[in-house]
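Grab a pencil and work through these exercises one at a time. Try each task yourself before you read the solution below it.

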Amino acid sequence: TMIVFDRDIEPILAAKCQQCHGATQQKSGLSLHDRKSALHGGNSMKPALVPGNSSKSHLIQRITSEDKFACMPPADKEPFTAEGICLLRIWID
């Protein structure tokens, strides 16, 4: 099946990211509420999304990090599921 942003990806970003990185709040200067902002990235100056290359996408690096200080979402929030990470990777690639 084909991945559809509105059906498959946006709900993941809304649930896991946009509370801190959305239209109303942009922690670390990062907003994931629209394509332009996600491609630009935040204060790290690394693009959150690199179309066609999930491994270079800072979003994937952060949500799969083993470093408890770098990993997103923070430890007090529910982590991404393996399925959610897989969907994001396929969508980016």
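**Exercise 1: two helices that meet**

In which handedness of crossing, left-handed or right-handed, does α1 pass α4? Then work out how the two helices are oriented and who makes the contact.

*Solution.* One thing to keep in mind throughout: you are looking at a predicted model.

Step 1. Look at the handedness: the crossing of α1 past α4 is left-handed.

Step 2. Find the helices and their axes. Helix α1 covers residues 5-16 and helix α4 covers residues 82-92. Their axes come within 10 Å and cross at roughly 125°.

Step 3. Name the orientation. Angles of 65 to 115 degrees would be roughly perpendicular and those over 145 roughly antiparallel, so α1 counts as oblique to α4.

Step 4. List the residues that touch. From α1 you have Phe-5, Asp-8, Ile-9, Ile-12 and Leu-13. From α4 come Gly-84, Leu-87, Leu-88 and Trp-91.

Step 5. Sort them by class. The contact of α1 with α4 has seven nonpolar residues, one polar and one charged.

**Exercise 2: a pair of rings**

How many aromatic pairs does the structure hold? Say what kind of pair you find and where the partners sit.

*Solution.*

Step 1. Count: there is one aromatic pair.

Step 2. Check the geometry. The ring centres of Phe-5 and Trp-91 are 5.4 Å apart, with the planes at 35°. Planes under 30 degrees apart would be stacked and those over 60 edge-to-face, so this pair is tilted.

Step 3. Place the partners. Phe-5 belongs to helix α1 and Trp-91 to helix α4, 86 residues apart, so the pair links distant parts of the chain.

Step 4. Ask how open each one is. Partly exposed means between 20% and 50% relative accessible area. Phe-5 is at 33%, so it is partly exposed. Trp-91 is at 29%, so it is partly exposed as well.

**Exercise 3: buried or exposed?**

Is Ser-54 buried or exposed? Find its loop and its contacts too.

*Solution.*

Step 1. Locate Ser-54: it lies in the loop between α2 (35-40) and α3 (58-63).

Step 2. Compare with the cut-off. Buried means under 20%, and Ser-54 has a relative accessible area of 4%, so it is buried.

Step 3. Look for contacts, skipping neighbours within four places in sequence. Ser-54 then touches Ile-60, Arg-89, Ile-92 and Asp-93.

Step 4. Now try Glu-83, which is in helix α4. Glu-83 has a relative accessible area of 59%, over the 50% cut-off, so it is exposed. Its C-alpha atom and that of Phe-5 are separated by 15 Å, and the two residues are 78 apart along the chain.

**Exercise 4: backbone oddities in the loops**

What is the phi of Ser-28 and of Met-45, and which peptide bond from Met-72 is cis?

*Solution.*

Step 1. Start with Ser-28, in the loop between α1 and α2. Ser-28 is not a glycine, yet its phi is positive, at about 55°. With a relative accessible area of 53%, Ser-28 is exposed.

Step 2. Go on to Met-45, in the loop between α2 and α3. Met-45 isn't a glycine either, and its phi is positive at about 65°. At 61% relative accessibility, Met-45 counts as exposed.

Step 3. Finish with the peptide bond: the one from Met-72 to Pro-73 is cis, with omega near -10°. You'll find Pro-73 in the loop between α3 and α4.

Technical notes:
Residues are numbered from 1 along each chain as its sequence is written. This is a predicted model: local features need pLDDT of at least 70, side-chain atom pairs count only at pLDDT 80 or more; totals for chains, interfaces and linings use all residues. Side-chain values use heavy atoms; hydrogens and water are left out. Helices (H or I, at least four residues) and strands (E, at least two) are DSSP runs, numbered from the N terminus. Buried means under 20% relative accessible area, exposed over 50%, partly exposed in between (1.4 Å probe, protein chains only). Contact means heavy atoms within 4.5 Å. Axes are lines fitted to C-alpha atoms, for helices over the stretch in contact, and angles run from 0 to 180 degrees between N-to-C directions. Angles under 35 degrees count as roughly parallel, over 145 as roughly antiparallel, 65 to 115 as roughly perpendicular and the rest as oblique. A crossing is left-handed if the near helix is turned anticlockwise from the far one by less than a right angle, and right-handed if clockwise. Ala, Val, Leu, Ile, Met, Phe, Trp, Tyr, Cys and Pro count as nonpolar, Asp, Glu, Lys and Arg as charged, and the others, Gly among them, as polar. Rings of Phe, Tyr and Trp (its six-membered ring) pair if their centres lie within 6.5 Å; planes under 30 degrees apart count as stacked, over 60 as edge-to-face and the rest as tilted.
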